[in-house]
Amino acid sequence: MKKRKLLALTLAVSITAATLLSGCGSSSSGGENGQVVVYNWGEYIDPEAIAMFEEETGIEVIYDEFETNEMMYPKVEAGATQYDVVCPSDYMIQKMIDNDLLMQLDFSKLPNATEHIGEQYWEQSRQFDTDNMYSVPYCWGTVGILYNKTMVDEPVTSWSILWDEKYKDNILMQDSVRDAFMVALKLNGNSMNTTNEAELEAAKEALIEQKPLVQAYVIDQVRDKMIGGEAAIGVIYSGEAIYTQRENPDLEYVIPEEGTNIWIDSWVIPKNAQNAENAHKFIDFMCRPDIALMNFEYITYSTPNVTAQSMIEDDDIRNSSIAFPDLSQYTNLETYSYLGEEGDALYNALWKEVKSY
Amino acid sequence: MKTFFKRFYIAIIFIFLYAPIATLIILSFNKSKTRSKWGGFTLNWYISLFEDETILQALWNTLLIAVLSSLIAVVIGTAACIAMQSMSKKMRTVFMGITNIPMLNADIVTGISLMLLYISFGIRFGFSTILLSHITFNIPYVILSVMPRMKQLNPHTYEAALDLGASHIQAFFKVVFPEILPGIMTGFLMAFTMSLDDFIITHFTKGAGIDTLSTKIYSEVRKGIKPEMYALSTIIFITVIVLLFVINVSGKKSSQNTKNKAQR
């Protein structure tokens, strides 16, 4: 008898709880309700810019952050939270377009984007967004070699310096499949988006050959290790290079002559967005030159907004070849493209061989 | 020689345990933003920490979720233990197995399954979904620490209380509860710490615009973790140390008092 009562009580409680919760759920109907839900990289916007947007438009910004493209994708795909604006990288945008997750943008609502974003960046974007219909560039940069002038006395021009015996245990490589293979593929003169097995096999061999020379495979520690003078040469993103130079003037950044990766993070609107109208307003606001300038100064990653670039006060930075390299000068810059599941699996398998060699 | 090795061994262990924490504390006073350069002593990170609303909000969320989820898990878990206690031995083993499986399950599987479950029920993601998920993964830990206490319990004391005129509820709170309280406390603390440092389940079950400390710190990885986080971690560490110290000292005093009383 006792047991029955307890059971009945437990059941009653759980049923009440369930009804309460589902009640909460159904009240979450969407629609244009003065909100915009933004999903961006961590530390990838000046908080002041969000406050200004809210003040000027009266739209409330619900701001959320992710740490990698791969962490962002399942959340957007599952539709757990209906994001209105997301800022993925190039290859991920292509994957999202392929999987029909993105909405076509209405460029008549994005006058600032069409006016202030440089032609060359739209051109680069075509590599993942063929007709420039889904994305608006927000930040971009290159991957290159950062070296310490006190430890390297020869001019650095090529990826091959990362294979130089002289710098044994003084080399830092990126600990990510695509970045590591990009270096080896470019050194061999191949495309970094290749799925040709022979080319990949050769790249793998090169990486294995390089392995004894490498001090460490790292991600964000390149920054600190190079500033601290713990290594002579490192593979780094250009946006970080400016920051490291500010901390340690002995550091120099170069884009190797074999070419490299140019990456672009762009604003997109997911198909299931509830506030597409506000999302367009948000993206357009971010393209306003004064806002783009604020964000550039906060993030230090290159802005594709040419008007904002011309407004930078510091001459050295405005004309910096690190932040704003003349893209027309290079013919062999590529963005990563989505390789499909088979391609990804192939890269991962080869990378595993390198790492476990 | 032997004592030298003993001390050496202990010293090594302590260095491994505390060197990382010491590094963090030192860095929280570093003027320079990078981890590899000492730019001079500063308290600025502590000041900007208390001005940074997003971090403080994340801290508040973390603590609130940890306290609420472990309290609720303690109630549900203890109730489950009472039920399992009066089951047959076979059924009890079966139920114990069922509650143990979620602990062995990978966090990422739990996280994604919970996310899909919430989606299929149409629950809006936000504070409530994080709380629900934390309660879910906390319950097994409570059961795990309360159940052994429950087994040690003499069932006749409860029956004796009923014989002497206590109601079921009175008998539970006056006789059973004090006996299993240590188990409940361990369960609560375990649940609290599990909730405090969970990242992956929170990541998948949180809605937009709400962050706990772990998700907040993780999102900063690409651009480098802000030194304010070192300051915050230092404060948390010192608080825990002080709390432990206070608890130990007061615990000793009260146990001494009872001893003295007993002697008298």
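## Contact between the chains

In this predicted model, the contact between the two chains is formed by 28 residues of chain B and 34 residues of chain A. On the side of chain B that touches chain A, helices α5 (107-121) and α10 (213-219) of chain B each supply at least two residues. The greatest contribution to that side comes from α5(B), with five residues. Sorted by class, the side of chain B that touches chain A comprises eleven nonpolar, eleven polar and six charged residues.

## Architecture of chain B

Chain B contains eleven helices and zero strands, and its pattern along the sequence is accordingly written α-α-α-α-α-α-α-α-α-α-α. The domain assignment divides chain B into domain 1 (1-42) and domain 2 (50-228). Between the C-alpha centres of domain 1 of chain B and domain 2 of chain B the separation is 33 Å.

The radius of gyration of chain B is 23 Å, whereas a compact globule of 264 residues would have a value near 18 Å. The C-alpha trace of chain B extends about 75 × 60 × 40 Å along its principal axes. Of the 264 residues in chain B, 30% are buried. When contacts in chain B between residues at least 6 apart in sequence are considered, 77% of them join residues at least 24 apart.

## Nonpolar cores

In soluble globular proteins, nonpolar side chains tend to be buried together. The largest nonpolar core in the model has 92 residues, and A:V85, A:A184 and A:I283 are those with the most contacts inside it. Strand β4 (residues 136-148) of chain A provides the largest share of this core, eight residues. At least three residues of the core come from each of two domains of chain A, namely domain 1 (35-135 + 268-324) and domain 2 (141-262 + 334-356).

Leaving aside residues up to four places away in sequence, A:A184 touches A:A203, A:A206 and A:L207. Apart from the largest core lies another core, of 25 residues; A:A80, B:L114, B:V142 and B:V146 are among them.

## Positive phi values in chain A

Most residues other than glycine have a negative phi. Two residues of chain A that are not glycine have positive values: A:D100, with phi near 60°, and A:T300, with phi near 65°.

A:D100 is placed in the loop between α4 (90-98) and α5 (111-116) of chain A. A:T300 is likewise placed in a loop, that between α12 (289-299) and α13 (306-310) of chain A. The surroundings of the two residues are described by opposite terms. A:D100 counts as exposed because 7 other C-beta atoms lie within 10 Å, 12 or fewer being the condition for that class. A:T300 counts as buried because 20 other C-beta atoms lie within 10 Å, which meets the condition of 20 or more.

## Confidence in chain A

Chain A has a mean pLDDT of 87, with 91% of its residues reaching 70 or more. Among the elements of chain A, the highest mean pLDDT (96) belongs to strand β3 (residues 85-86) and the lowest (47) to helix α1 (residues 2-26).

Over residues 15-31 of chain A, pLDDT stays under 50, and the model has 14 contacts beyond four places in sequence for this stretch. Where pLDDT is low, the predicted coordinates should not be read in detail.

How values were computed. Residues numbered from 1 in each chain as written. Chains lettered and ligands numbered in written order. Predicted model: local features only at pLDDT ≥ 70, side-chain atom pairs only at ≥ 80, totals over all residues. Contact = placed C-beta atoms within 7 Å. Helix = DSSP H or I, 4+ residues; strand = E, 2+ residues; numbered from the N terminus. Nonpolar A, V, L, I, M, F, W, Y, C, P; charged D, E, K, R; others polar. Domains from an automatic or database assignment. Core = buried A, V, L, I, M, F, W, Y, C linked by C-beta atoms within 7 Å. pLDDT = per-residue confidence, 0-100. Rg over C-alpha atoms; globule rule 2.2 N^0.38 Å.
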